[in-house]
Amino acid sequence: MAGMFWQLTAKNSQGRLFYGTQSIDYIELEQQVSSVQSVLPIERELIALVANSSLNFIVYYLALLRTQHAILLIDPSLSDTEKHVLYEHYQVNSIIIEQTIQPFSKIKHKLAAELSVLLSTSGSTGSPKLVKLSKANIAANCASICEFLPIKSSDVTMTFLPLSYSFGLSILHSHLACGASIVIQNESPMSASFWQQFQKFKVNSFYGVPFSFQLLVRLGLDKLPLQQIRYMAQAGGKLLEKQWQTLANFTEATDVEFYTMYGQTEATARIAYLPAENFTENTGVIGQAIPNTKLSLIDGVEQEITACNTPGELCVVGDNVFGGYATSVAELNTFTQNLPLKTGDIAQRLENGFYQIVGRSKRICKLTGKRINLDEVQAWISTELASEVICTGSEDAFNVYVTERTDVDVKKMLADKLKCHSRLISVIYLQTIPRLSNGKVDYHALN
């Protein structure tokens with residue numbers, strides 16, 4: 001099966017993984033993965049793996065993928081309490097943190113045969129709603145990504161997006177599949193250490209969410225050590241038009257290729273991409289389906305829309321589409337791929353065949369690239385404040401509408417919950433929440 005990066009079949013004697021002061025080649029990585037396989041539980045289990053940006057995480061992740069265990073990837077930025085809630089909720093059999101395997105629950109799970117990896121749907125909010133992925137899903141998406149991105153075995157990339165996040169994880173997958181070198185670290189581009197490592201290891205690609213590129217623009221693209229960069233790639237939300245133009249000017253002046261991508265965790269990671277040669281002239285466009293995937297639009301009665309420039313819900317068919325959600329232990333028993341995947345995003349097909357997102361049918365936002373279920377967060381903060389709260393959000397702002405004054409530091413509560421900077425959160429006091437005639441919240445009036 002193409003895309004099975006966990007078998008480490010790419011042949012590149014120069015490829016290495018760098019972590020702190022450590023450095024190993026793919027032969028040593030293979031030895032470490034094989035060694036860890038021998039200490040994993042023999043019977044099939046549900047195993048929580050804390051996705052630290054570390055060499056140990058990668059070794060244990062690859063070893064687990066070679067077995068029949070089901071892996072629940074845990075965001076390391078969750079508090080100990082939030083992690084424990086997930087462990088309890090799903091009764092995980094073991095917890096792996098770095099090189100330590102801790103037994104947890106002795107429950108005998110009835111896991112669906114296809115179930116391999118469980119990822120959170122809501123970034124780092126600790127939501128128990130998980131996406132169920134199979135090895136076939138992961139391999140298919142990895143193979144597609146390696147087909148449309150110009151990754152070479154001689155490339156060097158650097159991690160900084162969370163490896164519990166489908167986009168961050170897909171970067172790891174595709175570079176392992178190509179035998180490329182990877183600098184494993186979690187410093188932000190705002191850190192001097194990030195750019196010191198960038199130069200030291202001669203990193204020649206940059207992946208980020210819209211907020212990452214905001215930082216690059218703010219720091220000054222011409223002031224950063226990007227001279228060795230061959231290409232950039234962005235996913236996790238929509239670039240603002242002003243940033244798009246700035247990046248278009250930069251790529252034209254430097255011959256750096258820029259790929260915008262669109263995806264969802266429910267499609268493992270990537271769904272569509274805009275070829276680099278079309279970047280400058282197609283502001284705000286998500287492009288075309290990734291290889292071996294089909295896109296379509298449907299109207300309100302689920303009839304396919306074939307006309308151009310006609311909005312409809314974007315649907316996806318491909319081997320990368322997930323096997324359903326899990327919100328409980330019982331739902332780990334099933335794995336059903338319902339096609340097409342309805343993304344909840346409203347799009348239109350342009351005359352040139354590319355797709356463009358024009359709205360959302362689901363209450364989801366991607367704040368700094370992290371997908372957040374607005375209804376879940378709204379329910380949580382309403383409970384905490386014991387009053388009605390309405391939440392809206394976008395790529396770079398999270399708005400909270402309240403009708404009762406409170407001494408509680410709502411900004412800090414949400415910044416802690418969403419693992420973001422408090423400056424991205426605005427708390428707005430209203431005398432009344434605007435509503436439609438049917439009593440539902442009038443989100444248009446709020447915005």
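## Notes on a first look through the model

1. N292 is in the loop that runs between β15 (288-289) and β16 (293-298). Keep in mind from the start that this is a predicted model. Phi of N292 is near 65 degrees, which is a positive value in a residue that isn't glycine. It's worth flagging, because most residues other than glycine have a negative phi. Is N292 buried or exposed? With a relative accessibility of 64%, N292 counts as exposed, because the cut-off for that class is over 50%.

2. K202 is another residue to look at for its backbone. You'll find K202 in the loop between α6 (192-200) and β11 (205-208). What is the phi of K202? The value is near 55 degrees, so here too is a positive phi in a residue other than glycine. The relative accessibility of K202 is 59%, so K202 counts as exposed.

3. Next, a peptide bond to check. Which residues does the cis bond join? The bond joins L339 and P340, with omega at about -5 degrees. I'd point this out to a newcomer because most peptide bonds are trans. As for where to look, P340 sits in the loop between β18 (325-326) and β19 (341-349).

4. Now for helix packing, with α1 and α2. Helix α1 (residues 26-37) packs with helix α2 (residues 55-65) at an angle of about 60 degrees, and the two axes are 8 Å apart. That angle makes α1 oblique to α2. The crossing of α1 past α2 is right-handed. On the α1 side, the residues that meet α2 are L29, Q32, V33, V36 and Q37; their partners in α2 are V59, Y60, L62 and A63. Sorted by class, this contact has seven nonpolar residues, two polar ones and no charged ones.

5. Helices α9 and α10 make a second pair to compare by eye. Helix α9 (residues 374-385) and helix α10 (residues 410-418) pack at about 140 degrees, and their axes are 12 Å apart. Why oblique and not roughly antiparallel? The roughly antiparallel class needs an angle over 145 degrees, and α9 and α10 are therefore oblique to each other. This crossing of α9 past α10 is right-handed. From α9, the contact uses V377, W380, I381, E384 and L385, while α10 brings in V410, M413, L414, K417 and L418. The spacing of those numbers is easier to read with one reminder: an α-helix has 3.6 residues a turn, so residues three or four places apart point the same way. The class count for the α9 contact with α10 is eight nonpolar, no polar and two charged residues.

6. Just along the chain there's K419, in the loop between α10 and β25 (425-429). What does the side chain of K419 contact? One partner is the side chain of E82, in a polar contact of 3.2 Å. The K419 side chain also reaches the backbone oxygen of D416, at 3.3 Å. K419 is partly exposed, because its relative accessible area is 23%. For a sense of scale, K419 and Y90 are 329 residues apart in sequence, with 23 Å between their C-alpha atoms.

7. For a residue with less accessible area, go to N12, in the segment before β1 (16-19). N12 is buried, since its relative accessible area of 16% is under the 20% cut-off. Which backbone atoms lie by its side chain? A polar atom of the N12 side chain is 3.1 Å from the backbone nitrogen of Q14, and the backbone oxygen of S153 lies 2.8 Å from a polar atom of that side chain. Leaving aside residues up to four places away in sequence, N12 touches S153 and G179.

8. Last, helix α7 (residues 210-219). How many of its 10 residues are buried? Seven are, so α7 is largely enclosed by the rest of the structure. Those buried residues are P210, F211, S212, F213, Q214, L215 and L216. They pack against α6, β11, β12 (231-234), α8 (241-254) and β13 (257-262). After α7 comes G220, which has a positive phi, near 100 degrees.

Definitions and conventions. Residues are numbered from 1 along each chain as its sequence is written. This is a predicted model: local features need pLDDT of at least 70, side-chain atom pairs count only at pLDDT 80 or more; totals for chains, interfaces and linings use all residues. Side-chain values use heavy atoms; hydrogens and water are left out. Axes are lines fitted to C-alpha atoms, for helices over the stretch in contact, and angles run from 0 to 180 degrees between N-to-C directions. Helices (H or I, at least four residues) and strands (E, at least two) are DSSP runs, numbered from the N terminus. Angles under 35 degrees count as roughly parallel, over 145 as roughly antiparallel, 65 to 115 as roughly perpendicular and the rest as oblique. A crossing is left-handed if the near helix is turned anticlockwise from the far one by less than a right angle, and right-handed if clockwise. Contact means heavy atoms within 4.5 Å. Ala, Val, Leu, Ile, Met, Phe, Trp, Tyr, Cys and Pro count as nonpolar, Asp, Glu, Lys and Arg as charged, and the others, Gly among them, as polar. Buried means under 20% relative accessible area, exposed over 50%, partly exposed in between (1.4 Å probe, protein chains only). A polar contact is a pair of N or O atoms within 3.5 Å; within protein, one must be able to donate a hydrogen and the other to accept it, and residues adjacent in sequence count only if both atoms are side-chain atoms.
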